[in-house]
Each structure stands twice: as C-alpha cells, then as structure tokens.
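I set out to record what I looked up in this structure, entry by entry. The notes are intended for a reader who has not met it before.

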Amino acid sequence: MKDIAEIGSTYDLVPYKSFPFPQSHPARLSAIAKLFGLTPPAVRTARILEIGCASGGNLLPLAEQYPESSCVGIDLSSRQIADGNRLLESARLTNVELLAADVRNASFGQNKFDYILCHGVFSWIPAEARAAVLQLCQNHLSPHGIAYISYNTFPGWHDRVVLRDAMRFRTRRHSKPEEQIAEARNLVSFFSSAVNPEAVSYASMWKAEAEAVARADDAYLFHEHLEAENQPFYFHEFAALADEYGLQYLAESDVGSMSLENIPDACASMLKSLATTTIEMEQYLDFLRNRAFRQTLLCRSGLPRRPSVSAAALAALHLASNAVPDRPMSVDSGEPMLFRRGNSTLRSNETVVKAAMQVLKESWPQPVPFRWLCARARSLAEQRPVAIESEWLAPPTERLAEVMSRCINTGVIDVRDEPPAFTTEVPTHPLTTNLARSQALVGANVTNRLHENIVLDDLQRRLLLWLDGSNDVPGVVGRLRGAIANKELVMVTAPTASADQETRERTAEVMTHQVLHSLAQQALLIPSP
C-alpha cells in the first residue's frame, strides 16, 4: 500500500485534467439542502474548501463567480498546485488560495467552511487519510454547512474490481506510467474480444469496460484503475463512517437517483416495506441499480432533515430544463404530452404544466425563479395576467409546485439556489470572464457560468480572447478581419483569394456574429458591470 505522499507524486507524474464538476457547485448543494428542509449558508458570501483541488479547475470558477466568497483548495500534487496558482494570477483572482498540503496535517485553526468539497479523492486515499477528511469536516464545517464527498460504491464496483486487478497484475513489472497505461489498454482490448459471451457470464462487463477505457484519457485510466488505492464502499458503510464523525446523510447531488418515481409501482412498494430508514432505502436502491459511484451530501448530525423533497421550498429557488416535447407544443390542448430529457420523462395533459415546460425550454440555459415561472405559466394557461404574489397559494400554483418537485426527483428539471450571471443575448460590448480568457490562453477548455467545461474550436478561442468589454461587435469583426488579412488565422471556409474584398469582409462579419451567438448560448458571455 502506498503512503499518501507517494500518491501525490503519481499525480505530479500524470496530472489529472482539472475540470469543473457541476454536481459539486455550492448553488446546487444549497438548493438541495433547502429542498430537504435545511437553511444552508448563502452561496454568494460562502467560505468554500476543496480537498483534492488539483489545479483548481473546480474551485477557481467558484471564486470568480462569487467575488465575495473566500475559497481555499488543498492538494498533494505540488505540480498541479503550481499550475493552478499561475492560472489564478493570470485571472487576477484575489479571493482564492491553493495550497500543496496533506489532508492529514492540514491546519485551518478555528476557521469554519460553509461548503466542503471532496470530489474524486475519498476512495483513492488510504484509510487514515479518509478518516482525516471526515475529521476535517467535523472540525471545520460550519453549523449549517454542507459537505460533498464522492466515492466508488459496491455492488457496482464488484465487477470492476476484477478489471482493476487484471490491469494491475498485467502492469506490475512496469514502472513508467506511460508503459502501464499502454499495457492496461491492450489487456482490456484483448479480453473484450477474446472472452466467449456464452462461456463467461461477465463477458458483457469486459466489452462495456473496453468501450469506457477507449473513451477515457490516460490520467483517468491511470488514477482510477492503476493506483494502489481504490476502496469502494457499500453506502451503509459510508453513512456509518460519517456518523462516527458527527455527520449525517442529507441527500445525493443527483437528487433523481434517490427517487422511486422511475421504478415500477410494485417494486417501489416492496422497497418501502423493506426499508425502515433513509439509509436502508438508499442501500436497497444501490443493490437494485448495481450502483458504482455516489456523490453524497452530508451535514451535521441533529439538523432537522425532511424525509423527502418539499414542494414549498421551491418558492426561493431557480429551475432549468431543456426537456424536449414529443410534438409541437400545444398549451391549450387537453391531450397529454410527453417531455423527455435523457432517460427521464414527464407525461402530462395539464395546461399549466405544459405551459411551464414550454417556458423552461424557451428560457434554457438560463435558470428562472420558480415564482416567476408560476406567474408566466399560469398567465399562458389561463390567458390572463397572473400576479403571483397575490395568488401564491392558489390551487394551480400548488399543483405546479407538486409536479415540478416530482420533475426534480426524476431529473427532468435542474434546481439551483443562486442564479448564475450570464446572458444568452450578445451585448453591444461582448464580455466574458477573466478566468475564461486566461484558460483560453493555454488551451481549448474553458469554464462557463453554468460550471461546465466547454471545448472551444480555434475560432471561438481566438474571439473569446478579445472579449474583455473594450471591443464592440464591429470592433470584434474588425479584429477578425485583421487576423485573417495578416494570416494569423486561416479560415478554411472563407472565400478563395480570388473573391472580392467585400465578400471576404462580409464573411468575416457573418462568422463573428455566429461565433458570438454560440458563445452566448454556451453561457460564456456575462453582463457588463
């Protein structure tokens, strides 16, 4: 078993690509906490700690989005911390600190944190370091704070343990990471093609994992399967461990995974008869779904947690959905409509519900206040102006809250507390964040205001670098024309050299507007200060 310091050195050798994790965003965690009856700290001024921050791909966008917050990140890899510090200096962020530190001896004095994030760490460190993570939460989580911890779980990881053991057996004589990665890929590819599906019951596992390995980058493969430490847990084991440190289970960041809505009624009834506690219900669901990964929210023991999502809590929250209707929207028709988002669906013939789904689709990707959504949906459905403040407790509003909360449970709708500041319209002087421009200077991956990783093409990346608010749209067009004329940028779709000057200039203008629109739709443009 490796010492935790040795684990840190492997991340120096093979750095993880450091990206944002939308599921760990404090605005999401805060909203979920409110749905279950808690009163979490305000996100805008929160004190945030990330354990295992890598180079800050998840933490720096939070610091940029909430300048009144205070953010601290720690990681074992001094190389990744150095990379993150260069980026935060380039982005001129002053409310965040990245430190090379071991969680076992990290010292924060009497400081408390409102949100503690620990993604992709807990299963991959030794037992004493896992205990230190929970001890840190016990000592430094504020009274109403939320901790987010992700980890691998059984039963889903039982088959993957076989895969991992095979990879580590194959690579045991290789010391160089690049050799280990190559040998692991070759082994999985071989087994997926060689195993006889009729003779080996887990042949499908090998094929599925071969496809996953083919998609995964080298860093993920190396740290997920080839590291000495990777300890999955049964959920009830994790919950019991957290309880030893004065922490209780709150919910999953993916609230839909907790729901019985997508389970046949007979199966749901059986589960309800088997489970006497929330912990038992979650464990039975893991057995049923063969779950392999969890993103769990914890809070301090003793805080009053509702057993299920409260529709009344939606009043102060924001909703978003791009669920697609099965046919052109017809709000006033009494016929049922099906709305699909991924594997989740909503079927309804209620006019106000269909109107609400239409409003959400038209507003996407911008989250909208639930109270505004109610007013707008009821105005469309009832064909009259609805002042929601004076009609808040009316039956149609209560019914809509009930349906929307069910949609949150099934994943048809996203929920968050603080709405992100971005615009889907191109302003006169287009502006993006300092962080996004700094990220674009070094690569194609940038973080948008929805805390998502966006991969830019060459033209998008070039234009993004110019969006500091000093250029109006014609100015951006002029800069693109200049870059093309100086051959700094080669436009493969541009007119040929024989085309007249007016045509070439018009093409540059059209392409500028197209790119700016695409950046706006990807939540990369922000309102001017």
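The entries below take helices, strands and cores in turn.

**Entry 1: the model.** I note at the outset that this is a predicted model.

**Entry 2: helix α8.** I began with helix α8, which spans residues 203-215 and has 13 residues. From its first C-alpha to its last I read 19 Å, close to the 18 Å expected at 1.5 Å a residue. I then asked which residues of α8 are buried. They are A203, M205, W206, E209, A210 and V213. These buried residues cover an arc of only 145 degrees around the axis, so they lie on the same side of α8. On the face turned away from that buried side I found the exposed residues S204, E211 and R215. I also looked up what covers the buried residues of α8, and the cover includes α6 (157-170), α7 (177-194) and α9 (218-226).

**Entry 3: helix α7 and A184.** I turned next to α7, one of the helices that cover the buried residues of α8. Helix α7 has 18 residues and reaches 26 Å from its first C-alpha to its last, close to the 26 Å expected at 1.5 Å a residue. Its buried residues are P177, Q180, I181, E183, A184, L187, V188 and S192. I chose A184 in α7 for a closer look. Is A184 buried or exposed? A184 counts as buried because its relative accessible area is 0%, and the cut-off for buried is under 20%. Leaving aside neighbours within four places in sequence, I found A184 in contact with M167, T171, L221 and L226. Of these contacts, I checked T171 further: T171 and A184 are 13 residues apart along the chain, and their C-alpha atoms are separated by 6.8 Å.

**Entry 4: strand β5 and its partners.** I moved on to strand β5 (residues 141-152), which is mostly covered, with 10 of its 12 residues buried. I looked up its pairing with strand β4 (residues 113-118), which is parallel and runs over five bridges. Within that topic I noted that Y115 stands opposite I146 in β5. From β4 the chain crosses through helix α5 (residues 127-140) to β5, and this β-α-β crossover is right-handed. Strand β5 also pairs with strand β7 (residues 293-300), here in the antiparallel sense over six bridges. I recorded that A147 stands opposite L298 in β7.

**Entry 5: a three-stranded sheet.** I then examined an open sheet of three strands, in the order β12-β8-β13, with antiparallel pairing. Its edge strands are β12 (368-369) and β13 (414-416), each of which pairs on one side only. Strand β8 (residues 318-320) pairs with β12 over two bridges in the antiparallel sense. The bridge partner of H318 in β12 is P369.

**Entry 6: the nonpolar cores.** I closed with the cores and asked which residues have the most contacts inside the largest one. That core has 102 residues, and L319 and M404 are the ones with the most contacts inside it. The largest share of this core, seven residues, comes from helix α13 (residues 351-363). I listed the residues that L319 touches beyond four places in sequence; among them are L360, V368, F370, M404 and V415. A second, separate core of 23 residues includes A440, L489, L516 and A520.

Terms used. Residues are numbered from 1 along each chain as its sequence is written. This is a predicted model: local features need pLDDT of at least 70, side-chain atom pairs count only at pLDDT 80 or more; totals for chains, interfaces and linings use all residues. Side-chain values use heavy atoms; hydrogens and water are left out. Helices (H or I, at least four residues) and strands (E, at least two) are DSSP runs, numbered from the N terminus. The expected span of a helix is 1.5 Å times one less than its number of residues. Buried means under 20% relative accessible area, exposed over 50%, partly exposed in between (1.4 Å probe, protein chains only). The arc is that of the directions from the helix axis to the C-beta atoms. Contact means heavy atoms within 4.5 Å. A nonpolar core is a set of buried Ala, Val, Leu, Ile, Met, Phe, Trp, Tyr and Cys residues joined through side-chain atoms within 4.5 Å. Two strands pair if DSSP finds at least two bridges between them. A crossover is right-handed if, with the strands pointing away from the viewer, the path from the first strand over the helix to the second runs clockwise.
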